Amino acid sequence: MSNELKIYLDGQLVDKSDAKISVFDHGLLYGDGVFEGIRVYNSCVFKLDEHLERLEYSAKALMLDLPWSRQEISDAVCETCRVNGITDGYIRLIVTRGVGSLGLSPRSCPNPSIIIIADRIQLYPHEYYEKGLKIITVPTRRSGPAVLPPMIKSLNYVNNILAKMEAHQGGCEEAIMLDEGGYVAECTGDNIFLMHKGVLLTPPPSTGALKGITRQVAIDIAEELGVPLEEKTLTRYDVWIADECFLTGTAAEVVPVIEVDGRTIGNGVPGETTKAFLKRFLEKVSVEGTML
Ligand code: PXG
């Protein structure tokens, strides 16, 4: 056995260098497929069931029949972590439409493929959490439910990649994407929260955002900490005048934002509520989850 990372590919654990899929896979040809980004903390997979439910919903929306039960996928995720000795890391679970002929139709793809990568996580620089992020609003809009429902976590991320590049061009690491109506949707890979006059605000996911698993954790924390929460349509103005702002996502966890579009948020340092949420989040991930 080599000491290479093992990748789960259609029921087999194969060396990273052998983990290859066909150039005729519609996941590659058309971005036809779904994925999840999941974290493992302290030998427990955080919110695994919630991620697998969202994967099932994304697949259902794309009429992609998953030939594996939730338990089978869950077991495969845990096994992939175990064989690689990943106790704290990042899991990328991908289901592609599978191999077919050229042409959009998924009818030529009888068998979806499943890929599970479990690797060590590249953590964001510590200073993001200490000092907070500066972000900007970018021109690329999040697609609305009439175009490509943003709740589907599909392999089509070019919309978000355009926004990410616009963020970089503006000297920022993250960007606010507006929905088709010009309201705040989310960031390129994170949901957004504001604190204003003691109330926590976040856009409803129905029109322009992914229903983030970490977003739901933040909502749970608000309840635990007794912070009133409103899911409300938000404008850039609401963001500019907020007392605090933070982003949530599996990769980013809970990240403070201290400047948006050149406007200082609050005092220009991570807010007290944001810090309390991050602390509670880190407590939760260290004790909850599916044991490997
Ligand atoms: N919005 C979008 C568009 C996302 O892709 C989130 C919000 C946050 O959702 P969760 O469920 O993670 O709280 C996401 C998640 C990556 C990566 O590799 C991206 C995500 C998650 C993990 C890793 O860039 N996106």
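Contact here means heavy atoms within 4.5 Å. The model is predicted, so to speak, by computation: local features need pLDDT of at least 70, side-chain atom pairs count only at pLDDT 80 or more, and totals for chains, interfaces and linings use all residues. Residues are numbered from 1 along each chain as its sequence is written, and side-chain values use heavy atoms, leaving out hydrogens and water.**Exercise 1. Work out how far apart in sequence the contacting residues of the chain lie.**

Step 1: take the contacts between residues at least 6 apart in sequence. Step 2: of these, 70% join residues at least 24 apart.

**Exercise 2. Compare the radius of gyration of the chain with that of a compact globule.**

Step 1: the radius is taken over C-alpha atoms, and the globule rule is 2.2 Å times the number of residues to the power 0.38. Step 2: for 292 residues, the rule gives a value near 19 Å, and the chain agrees because it has 19 Å. Step 3: for the outline, the C-alpha atoms fill a box of roughly 55 × 40 × 30 Å along the principal axes.

**Exercise 3. Describe the surroundings of Lys153, starting from the loop that holds it.**

Step 1: find Lys153 between β7 (133–137) and α5 (158–169); helices (H or I, at least four residues) and strands (E, at least two) are DSSP runs, numbered from the N terminus.

Step 2: check burial and charge. Lys153 is buried (under 20% relative accessible area, 1.4 Å probe, protein chains only). Lys153 has no salt bridge (a side-chain nitrogen of Lys or Arg within 4 Å of a carboxyl oxygen of Asp or Glu); Glu36, the nearest side chain of opposite charge, is 5.9 Å away.

Step 3: list the partners. Beyond four places in sequence, Lys153 is in contact with residues including Phe35, Glu36, Arg54 and Leu210.

Key:
Buried < 20%, exposed > 50% of the residue type's maximum accessible area, 1.4 Å probe, protein only. Lys, Arg positive; Asp, Glu negative; His and termini not counted.
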